[in-house]
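Got a few minutes for some interface bookkeeping? Have a look at the complex below, then try the exercises before reading the solutions.

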Amino acid sequence: MFVIQYFIPHFPFNRMSHWFSDWFAIILACAIVLGALNLMKISIQKVIKKKPGWGYAVVIIVSFLLITVIGLSEGEGFREPGTWFDWLYVYVYTPCSSTMFAILGFFVASASYRAFRARNFEATLLLLAAFFVMIGRVPVGDIISGFMPEGARLSNLASWIMTFPQTAGQRAIMIGIALGIVSTSLRVILGIERAHLAGE
Amino acid sequence: MSTKAKEILALAMIFAFSLIFYIGKVLGWEAVRFSTTVSLIVILLVALSLLWILILTIRGRLVERRIVFLYVGIAVALPLFMTLSQKITISPEVEAVYNTLEELPEGSKVLVSFDYDPPSAPELQPMAEAFLYYCFEHDLKVIMMGLWPQGPMQANLAIEKVLSDEKIKSKNLKYGEDYVNLGFQAGYEFVIQRMGSDFRSMFPTDYRGTPYEQIPLVKNVKNFSNIDYCFNLSSGFPGTREWVQIAVDRYGVTLGAGNTAVQAPQMYPFMRAGQLVGLLGGMVGAAEFEFLTKWIGKGTKFMISQSFAHVIVIAFIIIGNVAFFRSKRKTGLKR
Amino acid sequence: MEHFALWLGGFLTLGIFSFLYKDNPWYKLTEAIYVGISAGYFVVVYFWDNFYSKFWIGVFPHKRLNEAGELIAGVEPDYWLIVGGVLGLLMLMRLLPKVGWISRWPLAFIVGATAGLWLINYFASFVMVQIQNTVTPLFGADYSASLFVIVGNIVVAVGTFTGLIYFFFSKEHRGAFGGAARVGIFFLMITFGASFGYTVMSRMSLLIGRIDFLFGDWLGMIK
């Protein structure tokens with residue numbers, strides 16, 4: 001349907017593609033509920049069977065019920081500043097989710113120190129590209145290369161690397177991925193690929 | 001002292017430190033600022049300690065990862081107290097976004113899609129604020145939406161911050177006439193696809209529940225052909241790629257984007273092909289855009305920490321490689 | 001309430017950072033809170049923004065009046081949405097082992113719809129437009145391009161083609177073909193290096209944001 005509506009964007013195909021996109025949105029909502037209910041099922045089983053760490057499963061259940069009950073009871077304006085849902089979003093969800101990703105900064109530095117080695121020419125090229133981009137994209141790069149003429153500083157070098165060789169590599173990867181997606185989509189549409197339907 | 005006792009002592013010290021400074025904040029203590037001299041002394045001390053780590057590593061003792069964590073923490077935290085300034089160089093991609101905005105006449109309708117969540121807010125929120133500031137300052141009408149559930153809430157936070165600015169406050173902007181938040185709609189790229197023919201079918205109400213046709217700003221906006229410029233703030237899927245694929249390539253929209261630094265390199269082919277008109281990449285992009293729009297926000301404030309953090313990571317990579325080459329030479333000599 | 005909120009934010013942030021020292025109960029508690037709150041958050045948002053505003057309002061629309069008090073046209077119920085609702089319900093059957101197989105129907109719909117949309121979009125935007133932009137005059141129209149632009153065009157063209165040659169594994173990388181693939185690897189290494197640099201930038205930015213919350217919003221040490 002979504003392929004045909006590119007070629008015949010008139011009735012009934014445009015209407016059908018509208019229906020399909022609406023159904024997609026509704027199914028997604030139910031898929032999220034499925035995920036959450038599955039999490040509750042696993043947590044409740046853990047508590048009932050008193051598996052190791054069942055106390056944390058209680059915390060998961062309580063947190064889930066707290067925000068769900070609050071959010072569902074506050075009506076359509078649940079997101080308005082001043083609601084309890086908004087409070088939970090700003091003071092509980094935001095610190096937790098932001099910090100989970102922020103902690104990666106430490107691990108990136110530690111992993112670079114331990115594993116990033118210029119073992120061969122290719123690795124050296126990777127290292128040099130990373131070095132010039134990291135130092136060139138921040139103001140300290142131009143402070144270090146301040147003695148160079150305007151247009152020949154580290155920021156210009158970083159910009160050149162991003163605009164030309166990096167773009168070329170990204171484009172090659174992009175085209176390769178797109179061709180892979182096209183062939184997989186064809187296989188799914190023609191029924192050759194059925195892995196997504198295996199099992200329960 | 002046992003390890004457990006040391007851990008409890010450390011926790012107690014952290015709690016005491018926090019309590020002291022929190023009470024100080026409530027009592028109105030001044031912010032902690034290092035003078036330029038102190039800032040330079042701190043930098044020198046950190047540099048000397050890095051030299052010491054280099055010597056240790058050359059001697060064959062790789063430092064424990066917690067020491068690396070400590071250095072990263074220092075590199076990020078201490079510059080926030082320093083009074084050093086840096087000159088921000090504007091990159092062509094950021095300038096392209098600004099130049100496109102400058103060409104828009106007053107009253108133009110700008111669609112802003114907030115496709116990110118709180119973890120990406122340090123990079124994208126400064127961009128959002130600077131962008132909204134520019135739009136409100138130049139009387140551009142802003143229609144906000146999100147393909148991520150948290151997007152519209154991030155939009156509200158940005159709006160709140162920008163509207164508290166004195167210059168913007170004096171304009172007495174009205175919700176529904178000068179800006180509107182249509183809220184979130186699930187469906188990934190299917191949402192963009194439907195918006196190409198009919199905005200209202202995807203957003204029957206705004207995020208407050210007001211019916212689409214009762215909102216003055218959007219009641220005559222049928223689809224992308226009524227939009228003058230699109231700006232997408234994105235940190236993953238769905239995001240800028242999907243907007244390029246559908247809004248740009250299918251419906252001919254003019255699109256600018258703000259991306260997290262992880263995603264930004266992947267957007268360069270789109271810029272080169274003309275599918276994307278300008279890109280703000282990461283916090284650096286945010287700082288550059290803040291400089292152009294004269295909205296001094298967190299992007300600019302955090303640049304010095306960003307510089308330090310990069311220098312520390314590069315220093316550790318160099319130290320690691322020095323040790324690697326030394327051990328390689330030793331193995332070669334032994335043979 | 002603001003005091004409690006800031007201390008709660010600080011407690012949760014430091015709880016997650018405590019993992020840097022080692023795995024500990026404080027971290028596990030914060031992680032459990034995060035998992036529960038995230039799941040609940042998504043349920044609430046998807047319920048109101050999708051299920052309610054799309055399905056419920058679509059099938060049982062409110063009477064809506066315009067500014068003049070007249071009934072707005074087009075508020076007829078859209079009963080086709082019921083099909084979507086049924087498919088959504090079938091998705092939930094996955095929770096019941098005996099009838100879990102029914103959930104394959106909505107799953108097949110999702111996969112098929114996505115495949116159909118991606119087939120055209122990816123080919124048009126990621127292949128055709130990109131190749132079109134690569135196969136352009138290297139020296140500009142009438143040799144008018146500057147040296148900087150010419151060098152750049154050559155780099156992009158050579159890099160794209162050699163990168164694509166590297167990914168062609170149906171032919172052994174030997175001789176001239178192998179040489180071209182090797183050049184392709186060099187360009188890919190530069191790409192990965194640049195991506196690594198930007199990844200470090202991104203992670204550090206996120207960290208700066210949290211440190212700013214701790215020392216700025218919470219403890220007031222930074223303004």
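Here are five exercises on a predicted model, each followed by its worked solution.

**Exercise 1. Work out how confident the predictor is in chain A, overall and element by element.**

Start with the whole chain: the mean pLDDT of chain A is 87, and 98% of its residues score at least 70. Next, go through the elements. The lowest mean, 73, belongs to helix H1 (residues 4–7) of chain A. At the other end sits H3(A), whose mean of 94 is the highest among the elements of chain A.

**Exercise 2. Place A:Trp54 in its chain and decide whether it is buried, partly exposed or exposed.**

First find the element: A:Trp54 lies in helix H3 (residues 54–73) of chain A. Now take its relative accessible area, which is 36%. Buried needs a value under 20% and exposed one over 50%, so A:Trp54 comes out as partly exposed. For its neighbours, skip anything up to four places away in sequence; A:Trp54 then touches A:Lys46 and A:Val47. As a last step, check a residue further along the chain: A:Phe11 is 43 residues away in sequence, and the two C-alpha atoms are 56 Å apart.

**Exercise 3. Do the same for C:Ser103, and find what its side chain reaches.**

C:Ser103 sits in a loop of chain C, between helix H3 (81–92) and helix H4 (104–134). Its relative accessibility is 1%. The cut-off for buried is under 20%, so C:Ser103 counts as buried. Now follow the side chain: it comes to 2.8 Å from the backbone oxygen of C:Gly100. Leaving out residues up to four places away in sequence, C:Ser103 touches C:Leu90, C:Met91 and C:Arg94.

**Exercise 4. Describe the interface of chain C and chain A: its area, its polar links and its make-up.**

Begin with the residues in contact: 111 from chain C and 99 from chain A. Together the two chains bury about 10,200 Å², with 81% of that on carbon and sulfur atoms. Then look for charged pairs. There is one salt bridge across this interface: A:Glu122 pairs with C:Arg182, and their closest N and O atoms are 2.5 Å apart. Polar contacts come to 11 residue pairs, both partners at pLDDT 80 or more. Which helix of chain C gives the most to the side that touches chain A? That's H2(C), with 29 residues. Finish with the classes: this side of chain C holds 77 nonpolar, 25 polar and nine charged residues.

**Exercise 5. Repeat the analysis for chain B and chain C.**

The contact involves 73 residues of chain B and 59 of chain C. About 6,000 Å² is buried between the two chains, 62% of it on carbon and sulfur atoms. For chain B's share, three residues stand out: B:Tyr22, B:Gln245 and B:Arg272 supply 11% of the area it buries against chain C, more than any other three residues.

On to the polar links. This interface has three salt bridges; one of them joins the side chains of C:Lys22 and B:Glu7, at 3.1 Å from N to O. There are also 19 residue pairs in polar contact, both at pLDDT 80 or more. Helix H1 (residues 3–27) of chain B gives the most to the side of chain B that touches chain C, namely 12 residues. Sorted by class, that side has 45 nonpolar, 14 polar and 14 charged residues.

Methods. Residues numbered from 1 in each chain as written. Chains lettered and ligands numbered in written order. Heavy atoms only, no water. Contact = heavy atoms within 4.5 Å. Buried area = accessible area lost by both parts, 1.4 Å probe. Salt bridge = Lys/Arg side-chain N within 4 Å of Asp/Glu carboxyl O. Polar contact = N/O pair within 3.5 Å; in protein donor to acceptor, adjacent residues only side chain to side chain. Helix = DSSP H or I, 4+ residues; strand = E, 2+ residues; numbered from the N terminus. Nonpolar A, V, L, I, M, F, W, Y, C, P; charged D, E, K, R; others polar. Buried < 20%, exposed > 50% of the residue type's maximum accessible area, 1.4 Å probe, protein only. pLDDT = per-residue confidence, 0-100.
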